[in-house]
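Thanks for making time this morning. I would like to walk through one chain with you, going from a single residue outwards to the packing around it, so please have the sequence and the coordinates open.

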Amino acid sequence: MPRLYGSIPLLHHTGRGIMRATVDHYAALGVSSCATAGELREAFRRLAKEHHPDKNPNADATTRDRFLQVVRAYEVLSDSARRSAYDKDAGIFRADRPRPTTPDGMAYEAFDLLLAEHADEALDMFAAFLEKTGMTVADLDLPKHLDYNDARDCEFLLAEALERSGRWHAAITLYELTVTRERRRPYFRKFMVEIHDRLKTLYMRRIREAAAEGVWDATPDEALEPVFDLGVSRRGRAAYYKSLAQLLLATEHDYSDAARDALVSALELSPKITGVKKLCHALHIEHPVHGSAPMESTGAQ
């Protein structure tokens, strides 16, 4: 089974931020991850004195272990290089850390920030990466700058972060890129079902937004083609046509013809589809009986 990190299956161990530190050295010293060298030294001296075996000749194993934890924590955190490596493995990012300036470094920084669930900082770094490389979201080519497996994971996490931040048009582009790459070289495999579902939801949201703004000008078939290309059953297609008819009717703009076409398509695919009685009445369509073709009411205006 793939290892899960959040909602993404990391099918291959990349060694970059996926394996988390199991010992909290900051907690061992009772300081925050932003502690200065002086604060670390002060905490170490106080705790080492408190738990030192010479001060506690009758100490039990727990007390001795506590002393060793303090010593190990200070050994790591007092060394800037070891502290930096520990912070990275633990998913800790400090504001004063040096920022990468090369495209490869920026790409990995964005990936590490995403793995550590620092989405805002990751998106800022991603924007800087795009500016540095001259790429756009549409022509993003992360495998040029990351290990291929890291690039696939990073693309998905970026799409997820963009979607959650409300930049879902860009999220659609990255999810579509994920689908294209998957068809060429499978990586996510069964997890693609979830990615497809996310894309379908965003495609419907795009239609809803365009219709609400009065700029939707596609036919029902054209609008739903990207959804159906991801794989939808006959009954599922009927449900999408029905949903399209509903959302078109719900706008303040006149999309009644398109809504009628969408509902007719839904009924042709699934004559017994439920929850369409009011829609049929609103669109002057006679509900088909036992599989007969839907017909427009003679009273339609």
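Let me begin with L230, which has a relative accessibility of 12% and therefore counts as buried, the cut-off for that being under 20%. I should say at once that this is a predicted model, and that everything I quote is computed from it. L230 sits in the loop between α10, residues 220-229, and α11, residues 234-249. What does L230 touch, once residues up to four places away in sequence are not counted? The list is V179, R183, H196, L199, K200 and Y203. As for the backbone, the C-alpha atoms of L230 and I195 are separated by 9.8 Å, while the two residues are 35 apart along the chain.

A second loop residue makes a useful contrast. D254 lies in the loop between α11 and α12, the latter being residues 256-269, and with a relative accessible area of 66% D254 is exposed. Measuring nothing but C-alpha to C-alpha distance in the model, D254 and A211 are 9.5 Å apart in space, and they are 43 residues apart in sequence.

Now to the chain as a whole. The protein chain has 13 helices and four strands, and of its 301 residues 44% count as buried. If we take contacts between residues at least 6 apart in sequence, 57% of them join residues at least 24 apart. The accessible surface comes to about 16,700 Å², and carbon and sulfur atoms account for 50% of that.

Where does the buried nonpolar material gather? The largest nonpolar core has 74 residues, and the members that touch the most other members are F129, L140, L142, W216, L248 and L263. Helix α9, residues 192-212, gives the most to this core, namely nine residues. Because domain 2 (99-189) and domain 3 (200-287) both give residues to the core, it lies between them. Looking at L140 in particular, and leaving aside its neighbours within four places in sequence, we find contacts with F126, F129, L130, M135, E155, L174, L177 and R181. There is also a second, separate core of 14 residues, which includes L29, A35, L40 and A73.

That leaves the aromatic side chains, of which the structure holds ten pairs. One of them, F44 with Y74, is stacked, at 4.3 Å centre to centre and with 10° between the planes. F44 belongs to helix α2, residues 37-51, and Y74 to helix α3, residues 61-77, so this pair ties together parts that are 30 residues apart in sequence. Y74 itself counts as buried, at 18% relative accessibility.

Y187 and F188 present another geometry: their ring centres are 4.8 Å apart and their planes stand at 70°, so the pair is edge-to-face. Both residues are buried, Y187 at 2% relative accessibility and F188 at 2%. These two rings also belong to a cluster, in which ring pairs link F156, Y175, Y187, F188 and F191.

One last ring deserves a look, that of Y148, where R185 lies over the face at 3.9 Å from the ring centre.

Technical notes. Residues are numbered from 1 along each chain as its sequence is written. This is a predicted model: local features need pLDDT of at least 70, side-chain atom pairs count only at pLDDT 80 or more; totals for chains, interfaces and linings use all residues. Side-chain values use heavy atoms; hydrogens and water are left out. Rings of Phe, Tyr and Trp (its six-membered ring) pair if their centres lie within 6.5 Å; planes under 30 degrees apart count as stacked, over 60 as edge-to-face and the rest as tilted. Helices (H or I, at least four residues) and strands (E, at least two) are DSSP runs, numbered from the N terminus. Buried means under 20% relative accessible area, exposed over 50%, partly exposed in between (1.4 Å probe, protein chains only). A charge sits over a ring if NZ of Lys or CZ of Arg is within 6 Å of the ring centre and within 35 degrees of the ring normal. A nonpolar core is a set of buried Ala, Val, Leu, Ile, Met, Phe, Trp, Tyr and Cys residues joined through side-chain atoms within 4.5 Å. Domain bounds come from an automatic or database domain assignment. Contact means heavy atoms within 4.5 Å. Accessible areas come from the Shrake-Rupley method with a 1.4 Å probe; for residues, only the protein chains shown count as cover.
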